[in-house]
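Q: Could we go through this structure together? I would like to begin with the sheets and then turn to other topics.

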Amino acid sequence: MTDTRIENIVIIGSGPAAWTAAVYAARANLHPVVVEGLPIGTELPGGQLMLTTEIENFPGFPEAITGPELMERMKTQAVRYGTRVVSDLVTGLDATTRPFVLSTKYGEPITAHTVVIATGAAAKWIGLPNELRLAQTGGGVSACAVCDGAIPFYRNKVLGVVGGGDTAMEEAMYLTKFGSEVLLIHRRDSFRASKVMANRVLTHPKIRVLWNARVSQVFGDQEITGVELTDTITGETRVQELGGLFVAIGHAPNTGFLGAQIDLTEHGYVKVASWRTATNVDGIFAAGDVIDDYYRQAITSAGTGCMAALEAERWLTHHGLS
Ligand code: NAP
């Protein structure tokens with residue numbers, strides 16, 4: 001890539017939204033570039049699905065597929081139709097100039113007529129040494145009950161959910177379908193969640209709330225066996241046996257590199273027009289979990305990735321650029 005080349009479309013990200021946008025853009029002969037990111041800490045190119053083991057709810061895979069394999073297949077499909085992949089991190093996006101200029105950590109700046117932001121969101125973790133290891137190895141720690149809760153591993157076991165917000169309420173309710181009991185572990189004595197969702201949890205016969213409790217250790221080698229709980233008032237600790245742990249303490253959308261140019265929602269997600277992927281900047285679109293704090297599914301991300309590519313293609317045609 002040279003400094004003077006202007007790309008039709010640059011897609012930032014490497015999850016289902018990014019690869020789906022790339023497949024559509026490539027098949028429309030737009031020769032898309034995907035800047036797929038680099039491993040940073042717990043974040044891997046491929047996004048949250050890289051921390052998911054079996055995916056049983058992505059249509060077309062009746063035998064299930066692992067998250068990393070699904071991402072690899074999507075990438076292969078995008079590349080097959082002419083997508084160029086840049087392994088680098090976008091560190092800034094100048095939306096005040098036309099074409100747009102993306103700065104990257106290691107490479108030359110990239111200029112583009114249209115941009116699709118598909119950088120996803122990262123689940124927040126408690127930060128315990130064994131927590132992420134077991135999450136990465138399919139050892140019974142997860143940050144998404146809807147993604148992982150239905151797999152046989154969690155059936156008829158005592159399952160823990162950490163958090164006191166709406167996500168934790170939803171995850172706890174969902175897990176009652178599979179676990180023998182659900183323990184909702186919350187660090188305070190009242191929920192942040194909406195009253196209606198909290199009431200559903202508090203009155204559910206299979207859910208027990210452990211108030212003022214913090215998970216201070218996760219036990220288990222291949223599979224989780226339990227956690228250490230620390231009472232946040234008295235400091236006392238005790239061991240709680242568990243067959244699965246779902247961390248539901250929020251998500252952080254990956255929007256830090258955008259600065260103040262792109263309008264965000266009050267929770268920091270990229271704001272898009274209703275049932276569209278257009279941002280406040282003409283020619284910049286956004287898709288996937290970076291716009292979505294509600295569904296957060298691979299299939300919905302893929303859907304909005306498709307929408308973003310179609311919108312970008314129409315934008316380019318409308319402006320006589322493709
Ligand atoms: P949230 O509202 O920020 O709640 C996070 C919860 O995790 C809080 O209860 C917090 O405890 C706890 N927490 C944070 N860090 C922790 C840590 N290190 N260790 C232990 N606990 C920790 O996040 P959310 O539940 O994901 O919801 C995000 C937004 O999406 C909210 O606006 C929510 O209403 C919305 N949402 C809506 C729906 C729905 O309407 N169906 C479903 C899901 C989410 P404290 O309370 O002590 O701070």
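**Sheets, overall form and a pocket**

A: Certainly. In this predicted model, five strands form an open sheet in the order 10-17-11-12-13, and their pairing is parallel.

Q: Which strands stand at the edges there?

A: Strand 10 (141–142) and strand 13 (207–210) do; each has a single partner strand, so one side of each is left without a neighbour in the sheet.

Q: And how many bridges join strand 11 to strand 17?

A: There are four bridges between strand 11 (residues 158–162) and strand 17 (residues 244–247), and the two strands run parallel. Within this pairing, Leu159 is the residue opposite Gly244 of strand 17.

Q: Which strands does helix 5 lie across?

A: Helix 5, residues 166–175, lies across strand 11, strand 12 (181–185), strand 13 and strand 17. Its direction is at about 170° to strand 11.

Q: What holds strands together in a sheet, in general?

A: Strands of a sheet pair through backbone hydrogen bonds, in either a parallel or an antiparallel arrangement.

Q: What is the pairing in the sheet with the order 14-15-16?

A: That open sheet of three strands has antiparallel pairing. Strand 14 (213–219) and strand 16 (237–241) are its edges; each has a single partner strand, so one side of each lacks a neighbour in the sheet. From one strand to the next, the twist averages 30°.

Q: Over how many bridges do strand 15 and strand 16 pair?

A: Strand 15 (residues 226–231) pairs with strand 16 over five bridges, in the antiparallel sense. One residue pair to look at is Glu228 with its bridge partner Val239, which lies in strand 16.

Q: Stepping back, how many helices and strands does the chain have?

A: The chain contains seven helices and 19 strands. Its radius of gyration is 21 Å, close to the 20 Å given by the globule rule for 322 residues, so the chain is as compact as a globular protein of that length. The C-alpha trace spans about 65 × 40 × 35 Å along its principal axes.

Q: New topic: how much space lies in the second largest pocket?

A: The second largest pocket holds about 480 Å³ of space.

Q: Which residues lie nearest its centre?

A: Val272, Ile291, Asp292, Tyr295 and Thr304 do, out of the 20 residues that line the second largest pocket.

Q: How does that lining divide into nonpolar, polar and charged residues?

A: The lining of the second largest pocket has nine nonpolar, seven polar and four charged residues.

Definitions and conventions
Residues are numbered from 1 along each chain as its sequence is written. This is a predicted model: local features need pLDDT of at least 70, side-chain atom pairs count only at pLDDT 80 or more; totals for chains, interfaces and linings use all residues. Side-chain values use heavy atoms; hydrogens and water are left out. On a 1 Å grid over the protein atoms alone, a cavity is a set of points where a 1.4 Å probe fits but cannot get out, and a pocket is an open set with protein on both sides within 12 Å along at least five of seven lines; lining residues have an atom within 4 Å of a point. Grid points are joined across faces, edges and corners, and a volume is the space filled by probe spheres set on the points. Ala, Val, Leu, Ile, Met, Phe, Trp, Tyr, Cys and Pro count as nonpolar, Asp, Glu, Lys and Arg as charged, and the others, Gly among them, as polar. Two strands pair if DSSP finds at least two bridges between them. Contact means heavy atoms within 4.5 Å. Axes are lines fitted to C-alpha atoms, for helices over the stretch in contact, and angles run from 0 to 180 degrees between N-to-C directions. The radius of gyration is taken over C-alpha atoms; the globule rule is 2.2 Å times the number of residues to the power 0.38.
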